[in-house]
Amino acid sequence: MAEKISTVEFKEGFRDGIPIGLGYFAVSFALGIAMKNAGLTALQGFFMSLFNLASAGEYAGTQVILSNGTYLQMAMMTLVANARYLLMSCSLSQHIHPSTSTAHRMAIGYGVTDEIFGIEINRPLYTSPFYGYGAIAASALPWCIGTSFGIMMGNILPARIVSALSVALYGMFLAIIIPPARKDMAVMAVVVAGFLSSWILEITPWFSSISSGNRIILLTVVIASIAAIAKPVKEEHA
Amino acid sequence: MKGNIWIYILVSGLVSYIIRVLPLTLIRKPITNTFIRSFLYYVPYATLAVMTFPAIMLATDNVFSGLAALLVGSVLAWKEKGLPAVASACCVTVFLLELILA
């Protein structure tokens, strides 16, 4: 059951979390460089990453610090940049066993990131909290350390390595969305619509000024709503 | 205003955590509404697709190496090669292509 300690689940989560951790290291390294410009120390960057575990959210927050914004602005910016996690948390609530305890829910909630959520939702029902803990264990520390390294070392890591590592995350996304798209034409349509609409907004003058976090929220809500109306899922899904 | 960085960190951390934990702790039962169930089923695919493209092309130093990574990753994912294999193949593709293109 959901409550039982499972080292098997933990190990599988840890294994799947390793590529996430690699990608996180590269991304957070770049984030660290931005934080250094905002005046954060390596220790502060470490805790910023530990407490937030969110690339877009931390980047947005760093901009608030840089511009000497208010604490309220910091809260609002974090809320907007991370609003998609609210949706993901709703979605994950349907993917863990209904009897999962509050403590486990509070612990697994910490790790709702795009990538960890992606692999958690990819598990057969019900996802064990221990799978999530494994993924968090493998990826959260590289995220925090990468941030500190970015602050301390700036440009020591060769650009070519950073460039190569930076696609690890997207490779993972593909591994998550393509196989179900192959089996379900509605998912395929959602994926293609996601690619195209996101690309169109990126190159369209007015829309490209919307922050990427908000574009993700907007497109996700629109595309998932249309798909839900056009092709409602039957019992065995969701 | 010159704020204390530690307070900024605590504020953002608190907001990030609350966003993630509220739905998980408040929604205890399976949702029966078909629209909501369907919506939540499609959310991850929509989000991940939106985040992948065109971002994968912009993440690398060279647009074409990112595009190549997208193709290689898509083909391997289609063949269900698994998450670590797909992710590392994308990295290797970019690394090799940028060695050649540079």
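Start by selecting helix 5 of chain B, residues 83-101. At 1.5 Å a residue, its 19 residues should span 27 Å, and the end C-alpha atoms are 27 Å apart, which agrees. The expected span is 1.5 Å times one less than the number of residues. Helices here are DSSP runs (H or I, at least four residues), numbered from the N terminus.

This is a predicted model, in which local features need pLDDT of at least 70 and side-chain atom pairs count only at pLDDT 80 or more, while totals for chains, interfaces and linings use all residues. Residues are numbered from 1 along each chain as its sequence is written, and chains are lettered from A in the order in which they are written.

Stay on helix 5 of chain B and colour its buried residues. Among them are Leu83(B), Val86(B), Cys90(B), Val94(B), Leu97(B) and Glu98(B). Buried stands for 20 or more other C-beta atoms within 10 Å of a residue's own, exposed for 12 or fewer, and partly exposed for values in between, with C-beta atoms placed from the backbone. The buried residues pack against helices 1, 7, 9 and 10 of chain A, together with helix 4 of chain B.

**The interface**

Now show both chains. 86 residues of chain A are in contact with 68 residues of chain B. Contact requires C-beta atoms, placed from the backbone, within 7 Å. Helix 10 of chain A gives the most to its side, with 13 residues. That side divides into 55 nonpolar, 24 polar and seven charged residues. Ala, Val, Leu, Ile, Met, Phe, Trp, Tyr, Cys and Pro count as nonpolar, Asp, Glu, Lys and Arg as charged, and the others, Gly among them, as polar.

Select helix 10 of chain A (168-183) and helix 2 of chain B (34-52). Their axes come within 10 Å and cross at roughly 135°. The two helices are therefore oblique to each other. Tyr170(A), Phe173(A) and Ile177(A) are among the residues of helix 10 that meet helix 2 of chain B, where the partners include Tyr45(B), Leu48(B) and Met51(B). By class, this contact has 10 nonpolar, one polar and no charged residues.

Next, take helix 6 of chain A (102-110) and helix 1 of chain B (5-26). They pack at about 140°, with axes 8 Å apart. Look for Arg105(A) and Tyr110(A) on one side, and Tyr17(B) and Arg20(B) on the other, all among the residues that meet. This contact divides into six nonpolar, three polar and two charged residues.

**Ser16(B) and its partners**

Stay in helix 1 of chain B and pick Ser16(B). Ser16(B) counts as buried because 25 C-beta neighbours lie inside 10 Å. Leaving aside neighbours within four places in sequence, Ser16(B) is in contact with Phe51(A), Asn52(A), Ala54(A), Gly57(A), Thr78(A) and Asn82(A). Phe51(A) and Asn52(A) are among the buried residues of helix 2 of chain A.

**Backbone stops**

Most residues other than glycine have a negative phi, and most peptide bonds are trans.

- Leu53(A) follows helix 2 of chain A, with a positive phi near 45°. Leu53(A) counts as buried, with 27 C-beta neighbours inside 10 Å.
- Asn68(A) has a positive phi near 55°. Asn68(A) counts as exposed, with 11 C-beta neighbours inside 10 Å.
- Leu125(A) to Tyr126(A) is a cis peptide bond, with omega near -15°. Tyr126(A) is in the loop between helix 7 and helix 8 of chain A.
- Phe53(B) and Pro54(B) are joined by a cis peptide bond, with omega about 5°.

Technical notes: Axes fitted to C-alpha atoms, helices over the stretch in contact; angles between N-to-C directions. Parallel < 35°, antiparallel > 145°, perpendicular 65-115°, else oblique. Contact = placed C-beta atoms within 7 Å.
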